[in-house]
Amino acid sequence: MTYVLHRVLNSDLPSVIGGDGNYLIDAEGHRYLDACGGAAVSCLGHSNVAVREAVKEQVDKVAFAHTGFFTNKPAEELAEFLVKRAPKGTGDGRVMFLGSGSEAMEAALKLARQFHLERGETARTKIIARAPSYHGNTLGALATGGHAGRRAPFQPILIDVDHIDAAYDYRMRGDGESEEDFALRMANQLEQRIQALGPETVMAFVAEPVVGASLGTQPAPKGYFKRIREICDAHGVLYIADEVMCGMGRTGSLFALEQEGIHADITTMAKGLGAGYQPIAAVLASEAVVSAIESGSGQLWNGHTYMSHAIAAAGALAVQKVIESENLIANVRDRGVQLEDTLKVRLGQHPNVGNIRGRGLFWSVELVRDKATKAPFSASGKRAPKVQKAALGLGLMCYPSQGCANGTDGDHVLLAPSYTSTADEIDQIVDIVARAIDSGLEWFAT
Ligand SMILES: Cc1ncc(COP(=O)(O)O)c(C=O)c1O
């Protein structure tokens with residue numbers, strides 16, 4: 001009997017009672033190696049002492065003081081930490097702290113609209129995003145996302161957002177097409193769409209630098225984001241980088257966009273920011289965006305009760321200091337190479353593994369019905385969730401998703417291990433995922 005409205009109402013979930021390094025422990029004493037951080041959240045494992053202490057210390061000082069009355073030291077320090085490390089071109093930006101990735105995406109969209117209004121460009125109302133993509137579950141964020149299955153029940157009540165194709169290398173790059181040509185072809189879809197809508201009406205372009213769960217850890221082809229930056233600049237369109245899942249070190253640099261050599265006008269962050277020790281998200285506005293507000297109304301046209309929550313900010317600040325002082329992003333890169341290599345050796349030849357893609361400690365295995373034609377399984381067979389279940393039975397957590405191939409069909413299993421992962425843990429992760437996939441040969445045959 002439960003009074004909690006769970007994601008699946010009749011599911012029989014184990015109750016979690018503890019965390020020990022990269023393992024979670026349930027009430028019956030079972031231990032699960034967390035290879036996905038839940039949903040790319042728990043980047044420092046589940047028992048980091050410095051972060052736990054920082055949270056406790058802040059509780060003993062003050063928990064909540066409304067931002068209409070006060071600021072607080074952890075929020076100020078965390079904002080400075082992020083701005084000082086943001087990609088070149090961000091300038092002297094500022095950061096707003098919120099509670100979830102969806103909330104951050106809503107705030108980013110509203111900030112983009114405010115930027116244009118402050119400058120008198122009132123006709124700029126249109127948003128262009130990509131499909132597949134996922135930007136959150138609140139109505140504005142859901143409308144922005146390009147995941148057909150998640151949008152379907154709510155379609156009639158979603159705001160109108162335009163979508164171009166995400167640069168999905170495995171399925172969209174032509175035979176013999178170079179990476180650079182593919183990048184240009186895909187980025188130029190943005191130019192064409194802006195022209196079709198009327199450049200003076202477009203407010204923002206939204207894209208994840210490395211696409212997360214909707215497409216399965218898909219990095220952009222070389223040169224893609226440079227061309228996106230040029231197009232946005234040419235038309236006065238703001239680029240909103242959704243780094244909720246791929247940011248904060250996950251792909252081998254603090255901001256995923258650093259590796260693309262550009263900056264965003266507005267950046268959202270969440271999962272790796274607080275590493276799950278606190279619910280926290282952030283919106284970083286570049287200097288250009290802040291300046292427009294400073295020389296306009298001087299006010300943020302958005303507010304939430306729990307903005308800049310002191311305990312959340314203290315927890316996130318401690319997380320970021322641990323990542324930096326322990327040089328964990330170097331470990332993300334090293335263990336990432338190991339993860340890629342071992343996945344490819346162990347699963348590259350598997351008849352139902354179509355593609356293995358990712359960056360840093362952010363990798364996915366796409367399952368297909370037919371390797372030669374790339375035909376996906378139909379969603380109803382729930383192959384990725386079945387792999388997740390088999391892996392869980394072997395003591396490993398991985399993250400299944402469906403819809404990458406056409407919005408509904410297409411299965412992949414996503415891995416996002418902790419930045420503290422050891423070489424031995426990475427080997428165990430690959431071994432168990434491979435055994436879970438092998439154990440599915442009978443479901444793959446149907
Ligand atoms: C890229 C991206 N943006 C936004 C969100 C929404 O974040 P939240 O679930 O914290 O609202 C997610 C969540 O998975 C995400 O992956």
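Two strands pair if DSSP finds at least two bridges between them, strands being DSSP runs of E with at least two residues and helices runs of H or I with at least four, numbered from the N terminus. The model is predicted, so local features need pLDDT of at least 70 and side-chain atom pairs count only at pLDDT 80 or more, while totals for chains, interfaces and linings use all residues. Residues are numbered from 1 along each chain as its sequence is written, and side-chain values use heavy atoms, without hydrogens and water.

Strand β10 covers residues 238-243. On one side β10 pairs in parallel with strand β11 (residues 266-269) over 4 bridges, where I240 has I266 as its bridge partner. Strand β7 (residues 202-207) is also parallel to β10, again over 4 bridges, and A204 stands opposite L238. Because 6 of the 6 residues of β10 are buried (under 20% relative accessible area, 1.4 Å probe, protein chains only), the strand is largely enclosed by the rest of the structure. L238, I240 and D242 are buried on one face, and Y239, A241 and E243 on the other.

An open sheet of mixed pairing has the strand order β1-β2-β3-β15. β1 (16-20) and β15 (396-397) are its edges, each with a single partner strand, so one side of each lacks a neighbour in the sheet. β1 is antiparallel to β2 (residues 23-26) over 4 bridges, with G18 partnered by I25.

Helix α2 (residues 49-61) and helix α12 (residues 310-325) have axes, lines fitted to C-alpha atoms over the stretch in contact, that come within 8 Å and cross at roughly 155°. The two are therefore roughly antiparallel (over 145 degrees, on a scale from 0 to 180 between N-to-C directions).

How values were computed: Parallel < 35°, antiparallel > 145°, perpendicular 65-115°, else oblique. Buried < 20%, exposed > 50% of the residue type's maximum accessible area, 1.4 Å probe, protein only.
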